[in-house]
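Notebook open, model loaded. I'll start with one residue and then zoom out to the whole chain.

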Amino acid sequence: MSGYEVVGDWGTSHLRLFRIEQGRPVARLSGPGIAAAGARAEAAFAETIAPWLKDGMPGQIRLCGMAGARDGWVEAPYVDCPATARDWRSAAARFDWRGVPVSILAGLACTDGDGVADVMRGEETQLFGAIKQHPELAKGRQLIVLPGTHNKWTQVEDGRIIAFRTVPTGELYALLRDHSTLGPKADTRDPSLESEGFAEGLGRAGEGCLLTSLFAARAMRLRAGRSPDWAAGYLSGLLIGCEIAEILAMLGTAGNIILIGDQRLCARYAQALEVRGLSSDLLDGDDCVLAGLTLPENDA
C-alpha cells in the first residue's frame, strides 16, 4: 500500500491538494478551480497531482468543495440539516480513479423558517474540522461565521449543524469594486487610507443605510478628495457592517462568535463585530479544512 494519502479542497477558484504521511500534511499542490477546469475536471486533477504520482499512487483520495457540484468532477449529494459529522461523511460519493479509492464529500442544505433554501459545499468541512479541533464548540449553541465570497453564518448546537444563511457580500464587493462606477478599479496602495475608509463605512452601516450610502464611494472621490484606497475600504466597511446588522437581527447571537478563514478578512469581521460590542475568536481556515478532511471514519 502507498505510504501517502491525498486530501483536497476543490473550490470554484482554486484546487488545493495536501499530501498526508503518517497523519500529517507534508506537501501541498495548487491547481485550477472547478470554474476553470469545467468538463476537464478529471484531467485537471491528474495534471495537478502528477508530481506526486511519480512516487506511486496514493492509498486514497478525499476531496471536498465544488468537486462534488453538479458541474464538478462527480456529483455528491446534499445532506439536509440538522446534520452530524457522521451524517455528512456517510453521504460521500465514492468511486475508483486509476485503482485508487476516491471520496468526494457531500455538501449541506437547509431551509430556513421563512422558506428560503440554502446550500454549502466545502465550508461544512471546515466546520466539522473546527469542532474536531476544539471540542468545546460541540457543547451548547454556537454561531460560527466563514467569511469569503459567499459568507456562511452557521448555527451549531451540540456539535450538529442546525442551519445556516449565506450572504454573498464578497461577491457583491468584487462586483462594485471592479465592474461599477462606484469602485476604484485599482489595487490598494495605502493600507492606512483603506482602513480609514473601512471605519467610515462601518459608521455609515451603523445608521442602517446601505443603498443611500453606496454612491458616496464615488462622490467622495470627486468632491471631497478621497482616494481610491479610501473608497475600497469604505465599500468593504459599508457592506460588512450592513451584513452583520441584518444577519444578527435575523439569527441573534450566541455569546462569543467564531470566525474561520483568511486572517485579514476575518480581522475585518472582528472589527465590525467589536463596533457592535460583540467578541469573536479566529480559527485558521487551512487548519480547519485539513482537520475535516482527515476526520477518522469512526469519529465522524
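Arg-19 first: I find it in strand β2, which runs over residues 14-21. This is a predicted model, so I keep that in mind for every entry here.

Next I asked myself: is Arg-19 buried or exposed? Arg-19 has a relative accessible area of 10%, and because the cut-off for buried is under 20%, I log Arg-19 as buried.

Then I looked up what Arg-19 touches, leaving out residues up to four places away in sequence. My list has Tyr-4 and Glu-5, then Arg-24, Pro-25, Val-26 and Ala-27, and finally Trp-52 and Asp-55.

Zooming out, I noted the secondary structure of the chain: eleven helices and 14 strands.

On overall shape, I checked the radius of gyration. The chain has 21 Å, and a compact globule of 300 residues would have one near 19 Å, so the two agree. I also wrote down the span of the C-alpha trace along its principal axes, about 65 × 40 × 35 Å.

How much of the chain is buried? Of the 300 residues, 48% are. For the outside, I have an accessible surface of about 14,100 Å², with 50% of that belonging to carbon and sulfur atoms.

I looked at contacts along the sequence too. Taking those between residues at least 6 apart, 62% join residues at least 24 apart.

Last entry, charges. I have 30 positive and 38 negative ones in the chain, and their mean positions lie 3 Å apart.

Note on methods:
Residues numbered from 1 in each chain as written. Predicted model: local features only at pLDDT ≥ 70, side-chain atom pairs only at ≥ 80, totals over all residues. Heavy atoms only, no water. Helix = DSSP H or I, 4+ residues; strand = E, 2+ residues; numbered from the N terminus. Rg over C-alpha atoms; globule rule 2.2 N^0.38 Å. Buried < 20%, exposed > 50% of the residue type's maximum accessible area, 1.4 Å probe, protein only. Contact = heavy atoms within 4.5 Å. Areas by Shrake-Rupley, 256 points an atom, 1.4 Å probe, with all protein chains shown as cover. Lys, Arg positive; Asp, Glu negative; His and termini not counted. Charge placed at Lys NZ, Arg CZ, Asp CG, Glu CD.
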